[in-house]
Amino acid sequence: MYGIDSYVAIGDSFTEGLNDGLPDGSFRGWADRLAEVLSGGEPGFEYANLALRGKMLDEIIDEQVPIALDLKPGLVTLCAGGNDIIVPGADVDAVAARLEAGVARLRAAGIPVVIFNGPDTKSLSVMSVLRGKVGIYNAHLWAIAERHGAKMVDLWAMEPLHDRRAWSDDRLHFTPDAHRRIALHTAEVLGVPVDEDWRVPYPASTEPATWITSRRSDLTWTKTHLLPWIRRQIKGQSMGDGLSPKRPQLSPLVQVEAAALEIEVHNFHDNAAAS
């Protein structure tokens, strides 16, 4: 178990695991993958994932941090604030200050904390306008990690995430392969040995984007993802309304490992059918 016998993941859709889908419609994600690595196959390892899509920072601090404090795990990962800073007019400095308060509470309780900065959106059409806000937020996060003795997973500097193929069609969430790479990088930050290298680049693209294909993609994305997001913001709705965390309590990891095995079998059959 590499010195960690329990792990609680808190945050929003990134930590819930969108869009690293399982056959049953649920999501695996980097946190589940990291838990599998941290367990080292030991039956005594326990894992909880309180993250839920659409959660804003204040909700995460008010709802999830107190549970993590009560559970007193050997590790907490916290990634939050992304849903706040993408809102037009958001005060990035104020968002960072609220996140620091949550980190400070966890560290004051003696809980090791890993936080994540925002990825570079330069390669994402339209979403690239957020680079400046993400960069400012990231500067705050590095300072917060330094002040409170938290570890940082630097998503901005992860070269594979600069490739469009690491991102889902919604331009907000990562693909299963990107989740795999993030889990490997997080394990590396924790000093846990892994068998794969997250740095391996994607193969050269055989379908270079043209101006026409890019604009068509932007139009499809606007209709499918941006406009529904704007409507939810206006109505005060969230993607997570009516949903519950997938692992609300610390429990043995066997459920996650079974789900991982199921998706591997599913992929094997798909590949066999295609060949």
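**Backbone irregularities and strand pairing**

Asn19 lies in the loop that separates helix H1 (13-16) from helix H2 (29-39), and in this predicted model the peptide bond leading into that residue from Leu18 is cis, with omega near 0 degrees. Two further loop residues, Lys72 and Arg171, are of interest for their backbone phi values, and strand S2 (residues 46-49) has pairings with S1 and with S6.

**Positive phi outside glycine**

- Lys72 is not a glycine, yet its phi is positive, at about 50 degrees; the residue sits in the loop that runs between helix H3 (57-71) and strand S3 (76-79).
- Is Lys72 buried or exposed? With a relative accessible area of 63%, Lys72 is exposed, because the cut-off for that class is over 50%.
- Arg171, likewise not a glycine, has a positive phi of about 65 degrees, and its place is in the loop between strand S5 (151-153) and helix H7 (176-189).
- Arg171 has a relative accessibility of 3% and therefore counts as buried, since buried means under 20% relative accessible area.

**Strand pairing around S2**

- Strand S1 (residues 6-11) and strand S2 (residues 46-49) run parallel and are joined by 4 bridges; within this pairing, Val8 has Ala48 in S2 as its bridge partner.
- S2 is also joined to strand S6 (residues 247-252), here in an antiparallel arrangement with 3 bridges, and Glu46 finds its bridge partner in S6 at Pro252.
- As general background, side chains in a regular strand alternate between the two faces of the sheet.

Conventions: Residues numbered from 1 in each chain as written. Predicted model: local features only at pLDDT ≥ 70, side-chain atom pairs only at ≥ 80, totals over all residues. Heavy atoms only, no water. Helix = DSSP H or I, 4+ residues; strand = E, 2+ residues; numbered from the N terminus. Buried < 20%, exposed > 50% of the residue type's maximum accessible area, 1.4 Å probe, protein only. Pairing = 2+ DSSP bridges.
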